[in-house]
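Me: I would like to go through a structure and ask how each label in its description is earned. Please set the value beside the rule each time.

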There are 2 protein chains.
Amino acid sequence: MKKILKTNAYTKYPLFKGVNQNSINVIMNCFKSVEKEYKKGTYIWHAGDEAHYVGIVINGQVNIVKDDISGDRVIINTVFNPMIFGESYAIAKTSEYPVSVQAAVDSRIILIDIEKLMTPCSVGCSFHNEVIKNLVEIIAKKNIKLNNRIECITKKTIKQKLVFYLMDEMKMNENNEIKIPYNRNELSDYLNVNRSALSRVLSKLEEDGILIFNKNKFKILDYDEIKEIMAN
Amino acid sequence: MKKILKTNAYTKYPLFKGVNQNSINVIMNCFKSVEKEYKKGTYIWHAGDEAHYVGIVINGQVNIVKDDISGDRVIINTVFNPMIFGESYAIAKTSEYPVSVQAAVDSRIILIDIEKLMTPCSVGCSFHNEVIKNLVEIIAKKNIKLNNRIECITKKTIKQKLVFYLMDEMKMNENNEIKIPYNRNELSDYLNVNRSALSRVLSKLEEDGILIFNKNKFKILDYDEIKEIMAN
DNA sequence: TCCTTTTGGTTGCATCTGCAACATCTTCGT
DNA sequence: ACGAAGATGTTGCAGATGCAACCAAAAGGA
């Protein structure tokens, strides 16, 4: 876990959007934040540690893990470059992280003290406020995604979950032929259903001429039927 | 929808936590925000409107509603005093609200322009930063709640969802006898299961001596069995 | 090319749970 | 106290889906 002083190319990170590299260097110095290397399997923090930091994945990937009652760990989520993790707990003042964060592979991480981040410097660097705005925007977007997922998962049948998800994607793409970012396994995870059961439903929908698909490309054929499905 | 100039007692709102009434008055003036009265059934905004505002429920309650594909509206959520609504969409720069907000009963609402809220005044009022911090904290807490709910809902069986929820509540109360804030109907909604099916599972758990309950009070008797259930 | 691995579709079976209809108990207003 | 309305528990039934085991096709590596 040796320290590496390196501050290049941070401008591409959402947290630093709209802030030039020089300003970032000033901020990082002000935060006393540096990149650190974590070997695969080592912990960035443990559940129960005081929640002071937001982490940025510079390189590699980390798993957000929860210690089960029965002692074994469950992976809640995986975070890749260039996203951040832990921000909600640090900001919400829950005092302790309820989850651990573990390097899934050798990874480079920056930890930033949330208190320093959220409190504008007395010297009044204007870009500091930009970073705060970016952070808030990131959290707000996560919020919207979580809400979407809940709305999707709470549909009653696999058919409804699937159709809701596809329609949502199509609305965003403004196209009735879409390419989704998941394979079947990942899609079934997202919808929280069994993969083979999902497969069964997909085949049925195709057989009924409601939609066609190939790999991760989907196209809706019969919108009347889709409306019928969504309406319960 | 007549305007009412009234700025008392805002200190109790989470958004203004730690800010004194005088400062709030200054801010509200700076924001040009005032309370407005909305009659039951009228809309605070419609889906498709540009997302500029965060709303505070001063009085009454509002429904967050979504226009279904089939034309009818679904209530996504209900917001009471003193909570806020719309903040995620306004902050995330989605440009348009994807949901409408409708007064469920006669209600008093404050709408605050998010851009003004997020940009510290040039005069540099220190309390403005407090408000921003509060807003971020509110969103972060919502985030954590949403994550908890997802973790709960994605459990496979009703039994697991229920046990997960109860254990979570107990951890917070540090007591194995808890009082939950839901009646059966609301609990089944939260867990996203059928009420009678939930009732069935509850009775079975009681019959097996794993927990006892009365109204909204629950107590776990057999922790070994609980562990067994959580472990799958 | 060939072999291995990954990904995706199929199917029989058991079971969980949604649904509906009803029973019981509580709450509350008059 | 009485009746109405609301909350909660019970039960039979049907259908959806998790699961496991298998097969087929595609992808990737040597």
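Reply: What follows is a set of questions and answers on a predicted model.

Me: What makes chain A and chain B a pair related by a two-fold axis?

Reply: Chain A is superposed on chain B by a rotation of 180° with 0.0 Å of shift along its axis, at an RMSD of 0.0 Å. That is the relation of a two-fold axis. The same surface serves both copies, since 100% of the contact residues of chain A recur in chain B.

Me: Why is B:K32 called exposed?

Reply: Exposed means over 50% relative accessible area. B:K32 has 67%, so B:K32 is exposed. This residue is found in the loop between α1 (21-31) and β2 (35-38) of chain B. B:K32 also has a positive phi of about 60° although it is not a glycine.

Me: What is the relative accessible area of B:K215, and is that buried or exposed?

Reply: The value for B:K215 is 64%, and the cut-off for exposed is over 50%, so B:K215 is exposed. Its place is the loop between β11 (211-214) and β12 (217-220) of chain B. Phi of B:K215 is near 55°, a positive value in a residue other than glycine.

Me: How do you know that both faces of strand β8 of chain B are covered?

Reply: Strand β8 covers residues 100-103 of chain B. On one side B:S100 and B:Q102 are buried, and on the other side B:V101 and B:A103 are buried. Buried means under 20% relative accessible area, so both faces count as covered.

Me: What makes β3 and β8 of chain B a pair of strands?

Reply: Two strands pair if at least two bridges are found between them. Strand β3 (residues 43-45) and β8(B) have two bridges, in the antiparallel sense, so they pair. In β8(B), B:V101 is the bridge partner of B:W45.

Me: Which peptide bond of chain A is cis, and where is A:P82 found?

Reply: The bond from A:N81 to A:P82 is cis, with omega near 5°. A:P82 is found in the loop between β6 (73-80) and β7 (84-85) of chain A. In chain B, the bond from B:N81 to B:P82 is cis, also with omega near 5°.

Me: How do you know that A:R200 makes a polar contact with DNA strand C?

Reply: A polar contact is a pair of N or O atoms within 3.5 Å. An N or O atom in the side chain of A:R200 is 2.8 Å from a base oxygen of DNA strand C, so the pair counts as a polar contact. A polar side-chain atom of A:R184 lies 2.9 Å from a phosphate oxygen of DNA strand C. For A:R195, a polar side-chain atom lies 3.0 Å from a base oxygen of DNA strand C.

Me: Which element gives the most to the surface near DNA strand C?

Reply: α7(A) does, with five residues. By class, that surface has four nonpolar, eight polar and seven charged residues.

Me: What makes the approach of A:N194 to DNA strand D a polar contact?

Reply: A backbone N or O atom of A:N194 lies 2.6 Å from a phosphate oxygen of DNA strand D. The limit is 3.5 Å, so this is a polar contact. A polar side-chain atom of B:R195 lies 3.1 Å from a base nitrogen of DNA strand D. α7(B) gives the most to the surface near DNA strand D, with five residues.

Definitions and conventions: Residues are numbered from 1 along each chain as its sequence is written. Chains are lettered from A and ligands numbered from 1 in the order in which they are written. This is a predicted model: local features need pLDDT of at least 70, side-chain atom pairs count only at pLDDT 80 or more; totals for chains, interfaces and linings use all residues. Side-chain values use heavy atoms; hydrogens and water are left out. Buried means under 20% relative accessible area, exposed over 50%, partly exposed in between (1.4 Å probe, protein chains only). Helices (H or I, at least four residues) and strands (E, at least two) are DSSP runs, numbered from the N terminus. Copies are superposed by least squares on the C-alpha atoms of residues with pLDDT of at least 70 in both. Contact means heavy atoms within 4.5 Å. A polar contact is a pair of N or O atoms within 3.5 Å; within protein, one must be able to donate a hydrogen and the other to accept it, and residues adjacent in sequence count only if both atoms are side-chain atoms. Ala, Val, Leu, Ile, Met, Phe, Trp, Tyr, Cys and Pro count as nonpolar, Asp, Glu, Lys and Arg as charged, and the others, Gly among them, as polar.
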